[in-house]
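This briefing is for a reader who has not met the structure before. Look over the sequence and the model first, then read the points below.

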There are 2 protein chains.
Amino acid sequence: MGEGTHRRAGRPSTKVLSRQAITDAALDVIEHGGYDAFTVAKLARALGVAPSALYNHVRSKQDVLLWVQEDLMTKVDVSGFGTEPWAVATRRWALSYRDVFARHAPLVPVIAVMPVAGAPRTLAVYEAVAAGFAEAGWPIGTIVPVVVALESFIFGSALDANAPADIFDTADLAGVSPVFTAAIDAFAGSGGDYTPDAGFDAGLDAMIAGLEARLDRLRND
Amino acid sequence: MGEGTHRRAGRPSTKVLSRQAITDAALDVIEHGGYDAFTVAKLARALGVAPSALYNHVRSKQDVLLWVQEDLMTKVDVSGFGTEPWAVATRRWALSYRDVFARHAPLVPVIAVMPVAGAPRTLAVYEAVAAGFAEAGWPIGTIVPVVVALESFIFGSALDANAPADIFDTADLAGVSPVFTAAIDAFAGSGGDYTPDAGFDAGLDAMIAGLEARLDRLRND
DNA sequence: ACCTGAACACCGTTCAAGT
DNA sequence: ACCTGAACACCGTTCAAGT
């Protein structure tokens, strides 16, 4: 798949410090030790070169993060658009999008403000989503804000997925916040810890229901 | 208000490096130069002490960020809960919450995973919100996931509010992403830049509509 | 064209020494 | 109890020198 696959045998296969090699090494470092461990020094070591060598191929560490983000975008599932009803396709997209970036939360603030120009895979996702929305009957001028709204929810949920199980542990605070404490207890049931999935499900249900109601109204105009 | 206000005159007023003084200085540095400028050295300089002096009052830089976050929480408007209908109160809360942290986006990943224990102001906000939800008829066990869902949307929107105006500039990409490009053009109207408010409004409308529909169903059970 | 090794200007944090 | 100044172990990045 990668570049260099269909080169002649005997030819030195591929540049050692290709974009793909750097991105793969970065993902390796990140998967191994998280984003704290992702330093230029570690990345260089994983590639077997001196840190300064990287700067022949990359303008900054931030560049590498953008490459990683672009790479992850291929894991987002847009297969529902064009084949499934709008709500089903949107739900599938949202779930996979959130799952991918829940494991890369430090990238979320980066993606949220990254221009799509120069990010072809990200753009391809947007194109598939926009086409699916248009086909489902969303007027062309309504698509961008609705997609942005869903994305905001997805990004926030990806961050929330990293909350510790004790985030809502109100231990000695029942006197100070009785209703909230009761809400926590009622939610957790029999001493269960907090899991963020229930929040994501509730929000996705509500948002899709609200949007579908709007879509119905738009269709009947 | 702050500590030391009701001390006797003539007594040296307040510790120089009180929590309040450190938090205020931090907010000052952040407002002046953003989160990149917020270093321990700059914070110490603003307080007129050596960097190492801070560590008599703070365990880490992260501690100060948590103090700042707690301080900002007092700006979140929960006044609608208990006085206004659920949808109005929720909308007011969401708008102010998003506005406060849109100007402190680097804190968003911090809040999203911060335990409420030891954060009394944050807890006070949750208590007001939970009480408002309960009074509006939300069953006690449904409150936490619904609040988490709204918060996820709010946090994502706070990040999105910092997107550059050219985030969706598809310049030469009309051939590669025709539908998405058309959606951008139709949304931007007459050459207008992207503003994230439309996305926030669309999402908040949809989510509140979806939740209100669910609340109606719950009430009729 | 692309590498190395030294250097630079920072980081946050620790700690002995002072008062 | 709380400060200073020196030191530590890092950061990301630059650049002259090599091939």
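Around DNA strand C there are 15 residues, and those that come nearest are A:Ala50, A:Ser52, A:His57, B:Tyr55 and B:Lys61. Sugar and phosphate make up 58% of the DNA strand C atoms that come within 4 Å of the protein. The model is predicted.

**DNA strand C**
- The side chain of A:Ser52 has an N or O atom 2.5 Å from a base oxygen of DNA strand C.
- A:His57 places a polar side-chain atom 2.8 Å from a phosphate oxygen of the strand.
- In chain B, the side chain of B:Tyr55 has an N or O atom 2.5 Å from a phosphate oxygen of DNA strand C.
- The surface near the strand consists of 7 nonpolar, 6 polar and 2 charged residues.

**The two chains**
- A turn of 180° with a shift of 0.0 Å along the axis lays chain A on chain B with an RMSD of 0.0 Å. This is the relation of a two-fold axis.
- The copies meet through the same surface, because 100% of the interface residues of chain A are also interface residues in chain B.
- B:Ser152, in helix 8 of chain B, is buried at a relative accessible area of 3%.
- Across in chain A, B:Ser152 touches A:Ser152, A:Phe153, A:Gly156, A:Ser157 and A:Asp160.

**Helix 10 of chain A**
- The 23 residues of this helix, 197-219, should span 33 Å at 1.5 Å a residue, and the end C-alpha atoms agree with that at 32 Å apart.
- Its buried residues include A:Phe200, A:Leu204, A:Ile208 and A:Leu211.
- The buried residues pack against helices 5, 7 and 8 of chain A, together with helices 8 and 10 of chain B.

Note on methods. Residues numbered from 1 in each chain as written. Chains lettered and ligands numbered in written order. Predicted model: local features only at pLDDT ≥ 70, side-chain atom pairs only at ≥ 80, totals over all residues. Heavy atoms only, no water. Least-squares fit on C-alpha atoms with pLDDT ≥ 70 in both. Contact = heavy atoms within 4.5 Å. Helix = DSSP H or I, 4+ residues; strand = E, 2+ residues; numbered from the N terminus. Expected span 1.5 Å × (residues − 1). Buried < 20%, exposed > 50% of the residue type's maximum accessible area, 1.4 Å probe, protein only. Near = heavy atom within 4 Å. Polar contact = N/O pair within 3.5 Å; in protein donor to acceptor, adjacent residues only side chain to side chain. Nonpolar A, V, L, I, M, F, W, Y, C, P; charged D, E, K, R; others polar. Lists of a residue's contacts leave out its neighbours within four places in sequence.
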